[in-house]
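Let's take a friendly walk through a few strands and see how they pair. Here is the model to follow along with.

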Amino acid sequence: SSLNLAIGETAYLTANIIPSNATNQDRIFISNDDNIATVDEDSGLVRGINIGTTTIGVLTDDGSFEDSVTVTVTKPSGEVTLTSLDIQDDNFSLAIGGSKTLSLSLAPSYATLDDVIFSSSDSSVASVNSSGLVSGLKKGTATITASAKNGSLSDSVIVSVGYSESQTLTYTFTNSTWGASPTSWTNKKAGAGYLNSGVQVTTGSTGANAISPRSFENISSLVVGYATNTSKGAGTINVYLLDNPNNTSSRTLIDSFSVTTAGGTTKRNTTPFIPETLKSGYVQIEVSVTTNSIYICDIKIEYEELIADPIAVSGVEFTLSSLNLTIGNTSQLAYQVLPNDATNKNVSFMSSNSTIASVSSTGLVSALKKGSATITITTEDGDFTDTILLTVNEPISYTPELNLDDSGFKKSYTFKEELDLAHLSASYKASDGTITQLDGNDLTLVSGGTNTLGPVTLIFSYASLSASVNITVTNVGATQGSGQLNDVSLTLNGTNADPSLSTGSTSDYASIAFGDFEFSGKGLRNYNGNLFISSSGYIYNKDPLNDIASIEMNYVTGGSAAAVQDFRFASSVISSTSGVSVFKNLSTSTGGTTATVTAPSNSDYFRIDISNKNLQATIKINFKSGEILKFSASEQADAYYDYFMDLSHEECLIYDVKLTTWNILKTEYQAMVAEGKELLSSSAYQDLLERYILIVTKYGYEDFLGLNISGGENKNFVSSFMSPSPILLITLLTISGVLVSMNVIFLKKKRKDN
């Protein structure tokens, strides 16, 4: 029924088939744990592998009859020769009266502390017993050595024993997973809930336990605050000490406390848990319940904190010997107390002339008026001093500048192509000389764009300054694109931002995502699931929201009712309000109400600036999603009209329309989409057609519009158009006193609403 083996020993098991003359005598041997003992399935040869107990079973082939034997594997007799000995602890410190158990790694696996001898180089400073328990006795250092009884292996660690002072730390638990103030505990098994200001542990569960976030030296007492439910819970609270929080199999029980059914939900304290032998380590609370529920509220730990011997100050030095500041500026003085490990590094500061420069208790100097002052630093320990000469000057004022760097910026575009803002950079120099590096998305496009053909000047603004860059826009290579636009919406609230918004203080974000879109914001936080924007805060999108239709404001009940909201819209990022006027202003934000701002057409970007009061709201943006048509046929026809009339204007005035000009106009026309070409032949563009017919007729240039101009009615119209009465014209011009070219006859086209 049982078998005892030492590691490495073997023995045969015999299985008798009943009846002995059974036809099928086949059977198989099986080990329940090959790590403890193995067995040959045919012969029944058992071999001891590791210390422990397992079961060896036998099963018949005929009828599946079975039997088993318990196998216990023990350490081999005699002394073990260690093949590895390692103290897992680094050098450590102990308070006088404190203790710590060394953690050892031994090989072979069946080696135990019985195979090790511990010793101390100075047992008057620190002693060590046969279990590896090190105790601090007096101030000093000692080397603790672990040596193999059989063999030459050894390892050692240095322990420093010093003075300590009494400390008390109370952890108050705040949730079911052992969250605590001031620091959460490591959750090994959470409670069933959090009630009556404590971690709830219920009957029927396997209990709950947690480990302290730090270790403690020379613990003198631990007291647990607890409560029970109104049905009078009962159970046990155990407190342990561990050297390693990740190894709960090696722990020392300090004591157990029995919770009775008396007391109810009123919080009370256990009797103190007093460590006896082991007094240092991580603290583990383990709770089991036999009746109803127990609530663990807090734990108070009284212990000793190591303190270093005071190291006297030998001097103090400012990093600089002199410093120049302008009026209105501040500077934090840098200094060093010597030696670096001095115990008392407290210092004080004094200004020789506080009307010129003042200095705070932390060494922050403020320049007040022109002149010089000496700042003196004095150590609390030893009254050592040093000085720094401070010179305060009048501030230098610079003329603000905005300089564009377009060296990497794309200069040639097709009609309605997106600008290459990622490769446009700029530098802004403020009046105080501060230089800010910018990219194209930081700038506001005030005028210009790719919706105009020919040479175009882009004007950008930042901080009320502007700068320009020239580009060329052509129809050649432009495509309308394709796809379906869908009406979609994006909600901005306090819970769908990445990174997550704080529920406490506000923060500024150069980049924050809502959904798949990037935004920038100032003064943002989560307010009960809604978006909070502080007064003087703002939010704007950095990724385009195609063709914004409207913005819906849903104001939170209980929020500020008088937050002023300025709405701006544009076709480019509105990183600055400079040059972008307010489109809509809302001066109320009454909780429980809503407001809708309809955006102007062709708006892909918006910005909301808050003033007067903080805003608490959920913001919904309605816009288009999908592949956007780059331009419409009418947009391209309008752009070509402007280009044709502007490019031919000067040459028409002097009757010298060059063939190169005509070929350029032809190239741009031929690159247009078919629908745009058809529109140009309509009466909506009559004055373009009149000028076109005039030029083709006068110069005999190619009729690339395909109007079949060869004489007849068109030719008679051109002839009459170009031959007004000279006498009549001279008379009219003389009467009006205006001297103007007789050739200026062309009419200004009235632009269409679209």
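Which residue stands opposite Ser-412 in S43? That partner is Thr-472. Keep in mind that this is a predicted model.

## Strand S38 and its sheet

The pair Ser-412 and Thr-472 belongs to the contact between S38 and strand S43 (residues 465-474). These two strands run parallel and are joined by 3 bridges.

Stepping back, S38 and S43 are part of an open sheet of 4 strands, ordered S38-S43-S42-S41, in which the pairing is mixed. Strand S38 (412-414) and strand S41 (444-447) each have a single partner strand and stand at the edges, so one side of each has no neighbour in the sheet. On average, neighbouring strands here are turned by 45° against each other, direction ignored.

## Strand S5 and its partners

Now move to strand S5 (residues 45-48), which pairs with strand S2 (residues 10-12) in the antiparallel sense over 3 bridges. In this pairing, Tyr-12 stands opposite Leu-45.

S5 is also joined to strand S4 (residues 37-39), again by 3 bridges and running antiparallel. Here Ala-37 is found opposite Gly-48. The hairpin of S4 and S5 has 5 residues between the strands, and Gly-44 in this hairpin takes a positive phi near 80°.

## Two faces of S5

Which residues of S5 point to the buried face? They are Val-46 and Gly-48, whereas Leu-45 and Arg-47 point to the other face and are not buried. This fits a general pattern: in a regular strand, side chains alternate between the two faces of the sheet.

Technical notes
Residues numbered from 1 in each chain as written. Predicted model: local features only at pLDDT ≥ 70, side-chain atom pairs only at ≥ 80, totals over all residues. Heavy atoms only, no water. Pairing = 2+ DSSP bridges. Axes fitted to C-alpha atoms, helices over the stretch in contact; angles between N-to-C directions. Buried < 20%, exposed > 50% of the residue type's maximum accessible area, 1.4 Å probe, protein only.
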